[in-house]
Amino acid sequence: SKATVSVLYWRGLGEANRNKSMIRFILLQNRSGKTRLSKWYTAFEEDEREKIKQEIHRMITTREARYTNFVEWRKYKVVYRRYAGLYFSFCIDLNDNELAYLENIHFLVEVLDHYFGNVCELDLVFNFHKVYMAIDELFLAGEVQETSKGGILGRLQEIEMQE
């Protein structure tokens, strides 16, 4: 109803939530450009997704190490970090905190490392469904859902026991 809408705007929930910051997509790519995992929270056509994957890979792998781990891209920012031979990239809104998402990338890697016991690229390839489960426990609809490593790992173990 109209009264509910005006109350939501009065409380600051209307317009702010419509433009709420979030992760647009997550890419895990190796050095040669092979995308090992992608999670999309914003709708893109399939051909556009392929272009994005190539563009992001080309952009982050050619950057010198002396530059920061975030770069403006189109109307977003890409925050990335390299672990061994894998690049973890998050596409976020321009007004988001880059350092918070660098921490989220590191937290995701820590969770995967504990879950798989020293995670490697092959774990991502052969157990991609488990990686998606871990990502889904951390992020919901492009927003941080859980920040407790123990809570996430506990839920992942519960799910695994049910299989």
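**An open sheet and the helices across it**

Guide: Here's the core of the fold: five strands make an open sheet, ordered β2-β1-β5-β4-β3, with antiparallel pairing. β2 (35-40) and β3 (70-73) are the edge strands, each with a single partner, so one side of each has no neighbour in the sheet. Going from one strand to the next, the twist averages 20°. One caveat: this is a predicted model, where local features need pLDDT of at least 70 and side-chain atom pairs pLDDT 80 or more, while totals for chains, interfaces and linings use all residues. Numbering starts from 1 along each chain as its sequence is written, and side-chain values use heavy atoms, without hydrogens or water.

Visitor: What makes something a helix or a strand here, and how many of each does the chain have?

Guide: They're DSSP runs numbered from the N terminus: H or I over at least four residues for a helix, E over at least two for a strand. By that rule the chain has seven helices and seven strands. Read from the N terminus, their order is α-α-β-β-α-β-β-β-α-α-α-β-β-α.

Visitor: How do you know that β4 and β5 are paired?

Guide: Two strands pair if DSSP finds at least two bridges between them. β4 (residues 76-83) and β5 (residues 86-93) have eight bridges, in the antiparallel sense, so they meet that definition. Valine 78 has cysteine 91 in β5 as its bridge partner, and arginine 81 stands opposite phenylalanine 88. The hairpin of β4 and β5 has two residues between the strands, and there alanine 84 takes a positive phi near 50°.

Visitor: And β1, which strands does it pair with?

Guide: β1 pairs with β5 over seven bridges, antiparallel, and five bridges join β1 to β2, again antiparallel. On the β5 side, isoleucine 26 stands opposite phenylalanine 90 and glutamine 29 opposite tyrosine 87. Glutamine 29 also has a bridge partner in β2, threonine 35. Four residues sit between the strands in the hairpin of β1 and β2, where glycine 33 takes a positive phi near 100°.

Visitor: Why is asparagine 104 called buried?

Guide: Buried means a relative accessible area under 20%, exposed means over 50%, and partly exposed is in between, using a 1.4 Å probe and protein chains only. Asparagine 104 comes out at 14%, so buried is the right label. This residue is found in helix α4. By the same rule, 42% of the 163 residues of the chain count as buried.

Visitor: What makes you say that β1 and β5 are mostly covered?

Guide: The residue counts. In β1, eight of its eight residues are buried, and in β5 eight of its eight are buried too.

Visitor: What counts as a contact, and which ones does asparagine 104 make?

Guide: Contact means heavy atoms within 4.5 Å. Leaving aside neighbours within four places in sequence, asparagine 104 is in contact with Phe90, Phe139 and Val144. Tyrosine 83, in strand β4, gets Phe88, Ile105, His106 and Val109 with that exclusion. Tyrosine 83 and valine 109 are 26 residues apart in sequence, yet their C-alpha atoms are 8.5 Å apart in space. Chain-wide, of the contacts with a separation of 6 or more, 47% are between residues 24 or more positions apart.

Visitor: How do you know what angle α3 and α4 make with the strands?

Guide: Axes are lines fitted to C-alpha atoms, for helices over the stretch in contact, and angles run from 0 to 180 degrees between N-to-C directions. On that basis α3 (residues 46-61) runs at about 65° to β1 (23-30), lying across β1, β2, β3, β4 and β5. Helix α4 (residues 98-116) lies across β1, β3, β4 and β5, at about 40° to β4.

Visitor: What makes a pocket a pocket, and which residues lie nearest the centre of the largest?

Guide: On a 1 Å grid over the protein atoms alone, a pocket is an open set of points with protein on both sides within 12 Å along at least five of seven lines; a cavity is a set where a 1.4 Å probe fits but cannot get out, and lining residues have an atom within 4 Å of a point. The largest pocket has 13 lining residues, with Tyr83, Ala84, Leu86, Val119 and Cys120 nearest its centre. Its volume is about 170 Å³, meaning the space filled by probe spheres set on the points, which are joined across faces, edges and corners. β5, α4 and α5 (121-126) each give at least two lining residues, and α4 has the largest share, three.
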